[in-house]
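I opened this notebook to record what I looked up, entry by entry. The entries concern strands, a ligand site and backbone geometry.

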Amino acid sequence: MTTSASPGPQGAIDAPLVARTVSVDVSELDALGSLLDLLPPDHPVSWLRRGEGLVGWGCAAQVRTAGPARFSDAAKWWEETTARSVVRDEVEEPGTGLVCFGTFAFADEPGDSVLQVPSVVVGRRGDRAWMTVVGRGSLENLEPRLSPAVAPDAPAGITFADGALNSEEWMSAVADAVSRIGGADLEKVVLARDLVATADEDVDVRWPLQRLAAAYPMCWTFHVDGMFGATPEMLVRRERGLVTSRVLAGTIRRTGDDERDLALAATLARSSKDLEEHEYAVRSVADALEPHCSSMNVPEAPFVLHLPNVMHLATDVAGVVHDAQTVSSLDLAAALHPSAAVGGTPTPEATALITEIERMDRGRYAGPVGWMDASGDGEWGIALRSGTVDGPSVRLFAGCGIVADSDPEAELAEAQAKFVPVRDSLAT
Ligand SMILES: C=C(O[C@H]1C=CC=C(C(=O)O)[C@@H]1O)C(=O)O
C-alpha cells in the first residue's frame with residue numbers, strides 16, 4: 001500500500017485533511033454548463049448520470065493498493081483518513097464533506113487499485129448543488145470558487161488494433177469455454193477481450209467523458225485515474241441505510257430500427273439462455289448482500305434495459321442494511337465482487353478459467369469504480385463499457401457471459417457492440 005498527497009499551499013503532507021462544503025446556487029452552476037465543463041485536466045474524476053452526480057479535480061490525498069487485500073487496505077486508509085480530518089459541511093447530503101473516488105483491479109494479481117481524494121468536488125442532485133474544497137492546514141484558508149475550465153481537444157489520428165487476442169483467437173477461446181461448461185461444475189463464465197486505440201498525442205480523457213455522458217445519459221459516466229467509461233451496471237449503492245444493486249446479464253444488440261428492437265426485446269425477455277444467465281447473476285448478488293440486510297426485495301422477473309447500442313435483462317435488487325455502522329459501501333462492493341455478470345458461476349471455477357483462457361490482464365476493467373463519503377455511503381459501479389487511457393493509448397474492453405449454448409460468432413458480435421460506447425467517444 002502506498003500513499004501520497006499534495007501538501008497544499010498551507011499544510012504539511014501528514015497533517016490531517018481539512019474540508020469545507022458549501023451550497024452552490026444551481027442557476028450559477030447551469031450558467032457554467034454541465035458538471036463536466038468544470039473539469040480541468042488536473043486529475044479529473046467523474047461519476048455522473050443524467051447530468052447529476054459528482055465531478056472533482058486535483059489530488060489532496062491518495063492510496064494505491066494491490067493484491068487480495070486491495071479493498072480492505074483502501075477501506076482502512078479511508079477510515080483513518082476521515083477519522084483524522086476536520087470537516088465543515090454546510091450541506092450534509094450523501095456525497096458532501098470528504099469524498100473519495102476509487103477504481104479497483106478485477107483480479108487479485110497483478111492488480112493496481114486507487115482511492116483518491118480530490119482537492120475540489122462539485123456535486124449536484126436534483127435542485128441541490130454543492131462544492132467541497134479539501135486541503136491541509138486551516139479551514140479558513142479554503143476558498144470555494146467555481147470557474148469554467150478550458151475545453152479539451154479531440155484525440156487526433158486514432159487507429160484501432162486487436163489487443164491480446166484477435167477475433168478468431170477469441171472465438172476459439174469462447175468455443176473452449178463452451179466445451180468446458182458442458183463437463184465440469186461450471187455454469188457460466190464471462191470472457192472479455194481488448195482493443196488498443198492509439199492517437200497521435202496524449203488523449204485528454206475529458207473529451208470521451210463529454211461524449212459518453214451525452215450519448216449514454218442513462219449510464220454512469222465515470223473516470224478515476226485513467227479508468228473511464230459509461231457503465232449501465234450499479235454493483236452497489238448505499239444511501240442512508242438502503243442498499244440497491246442493478247444486475248445486468250443477458251444481452252441483445254440493437255438494430256437501429258425501433259420496431260425490430262421492440263420485437264428483439266420481447267425475444268430477449270423470453271430467451272431461456274439469457275434468462276438462465278441472468279438468474280445466475282441475480283443469485284450471486286442477492287447471496288452476497290443477504291448477510292448485510294435485515295430485509296431484501298429481489299424481483300422475480302427481470303425488465304429489459306434499453307441502451308443505444310444493446311439491450312440487457314436487468315433486475316434491481318434492494319435491501320435494508322443492518323450493519324451500516326461497521327460495513328461501508330466499499331466493503332459491500334468487495335463482498336459482491338466479482339459478481340456473475342463479470343466473473344461467472346461458480347465464482348472460483350469461472351475466475352480460474354478466465355485466468356487460463358482469456359490471456360490478458362483485465363486491469364481495472366470489470367472491477368468496482370465509484371465514490372464514497374465519510375459515512376461509508378457511496379456508489380460503486382462495475383467498470384464496463386470502459387477503457388484505460390495512458391498517454392496516447394487507450395485500451396478498450398468488452399466481455400460476454402458464456403453459457404452452455406453460447407455461439408462464438410454471436411458472442412463476438414455482442415462484444416463488438418459493447419466496444420461501441422468507448423470507440424465512438426474517441427471519435428472527433
Ligand atoms: C462483461 C460485460 O457485460 C456484462 C454485463 C451485462 C451483460 C453481460 C452479458 O450479457 O454478457 C455481461 O455479463 C461487458 O460489457 O464487458
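My entries on this structure follow.

**Entry 1. Basis.** I worked from a predicted model, in which local features need pLDDT of at least 70, side-chain atom pairs count only at pLDDT 80 or more, and totals for chains, interfaces and linings use all residues. Residues are numbered from 1 along each chain as its sequence is written, and side-chain values use heavy atoms, with hydrogens and water left out.

**Entry 2. Strand β19.** I took helices and strands as DSSP runs numbered from the N terminus (helices H or I, at least four residues; strands E, at least two). For burial I used relative accessible area: buried is under 20%, exposed is over 50%, and partly exposed lies in between, with a 1.4 Å probe and protein chains only. Strand β19 covers residues 310-321, and nine of its 12 residues are buried, so the rest of the structure largely encloses this strand.

I then asked which strands pair with β19, where pairing requires that DSSP finds at least two bridges between two strands. I found β16 (residues 242-253) antiparallel to β19 over 10 bridges; within this pair, R253 is bridged to V310. Strand β17 (residues 293-297) is also antiparallel to β19, through four bridges, and M296 has G319 as its bridge partner. Strand β18 (residues 303-306) runs antiparallel to β19 as well, again with four bridges; here V304 is matched with L313. I noted that three residues form the hairpin connection from β18 to β19.

**Entry 3. The ligand site.** Which residues come nearest to the ligand? I counted a residue as near if one of its heavy atoms lies within 4 Å of the molecule. There are 18 residues around the ligand, and T251, A341, Y365, R385 and G401 come nearest.

I next looked up individual distances to oxygen atoms of the ligand. A polar side-chain atom of T251 is 2.4 Å from one such atom. For R385, an N or O atom of the side chain lies 2.6 Å from a ligand oxygen. For G401, a backbone N or O atom is 2.7 Å from a ligand oxygen. The ligand taken alone exposes 380 Å², of which the protein buries 99%; these accessible areas come from the Shrake-Rupley method with a 1.4 Å probe, and for residues only the protein chains shown count as cover.

The ligand occupies the largest cavity. I used the grid definition: on a 1 Å grid over the protein atoms alone, a cavity is a set of points where a 1.4 Å probe fits but cannot get out. A molecule sits in one if more than half of its atoms lie within 2 Å of its grid points. Strand β16, strand β24 (393-402) and helix α9 (408-425) are the elements that give two or more residues to the shell around the ligand.

**Entry 4. T251.** I returned to T251, which is located in strand β16. T251 has a relative accessible area of 11% and therefore counts as buried. Its side chain makes a polar contact of 3.0 Å with the side chain of H312. I applied the polar contact criterion of a pair of N or O atoms within 3.5 Å; within protein, one must be able to donate a hydrogen and the other to accept it, and residues adjacent in sequence count only if both atoms are side-chain atoms.

**Entry 5. Strand β8.** Is β8 covered on its two faces, or open on one of them? I found both faces covered: S113, L115 and V117 on one side, and V114 and Q116 on the other, are all buried. In a regular strand the side chains alternate between the two faces of the sheet. Strand β5 (residues 61-65) pairs with β8 in the antiparallel sense over five bridges, with V63 bridged to L115. Strand β7 (residues 99-103) pairs antiparallel with β8 over three bridges, and G102 likewise has L115 as its bridge partner.

**Entry 6. Backbone geometry.** Most residues other than glycine have a negative phi, and most peptide bonds are trans. I recorded a cis peptide bond from H337 to P338, with omega near -10°; P338 lies in the loop between α7 (329-336) and β20 (344-345). Another cis peptide bond joins T345 and P346, with omega about -10°, and P346 lies in the loop between β20 and α8 (347-357).

For positive phi I noted H43, with a value near 45°, in the loop between α1 (26-31) and β3 (45-49). H43 is partly exposed, at 38% relative accessibility. R240 has a positive phi of about 50° and belongs to the loop between β15 (234-239) and β16. R240 is exposed, with a relative accessible area of 55%.

Methods: 1 Å grid on protein atoms, 1.4 Å probe; cavity = no way out; pocket = protein on both sides within 12 Å on 5 of 7 lines; lining within 4 Å.
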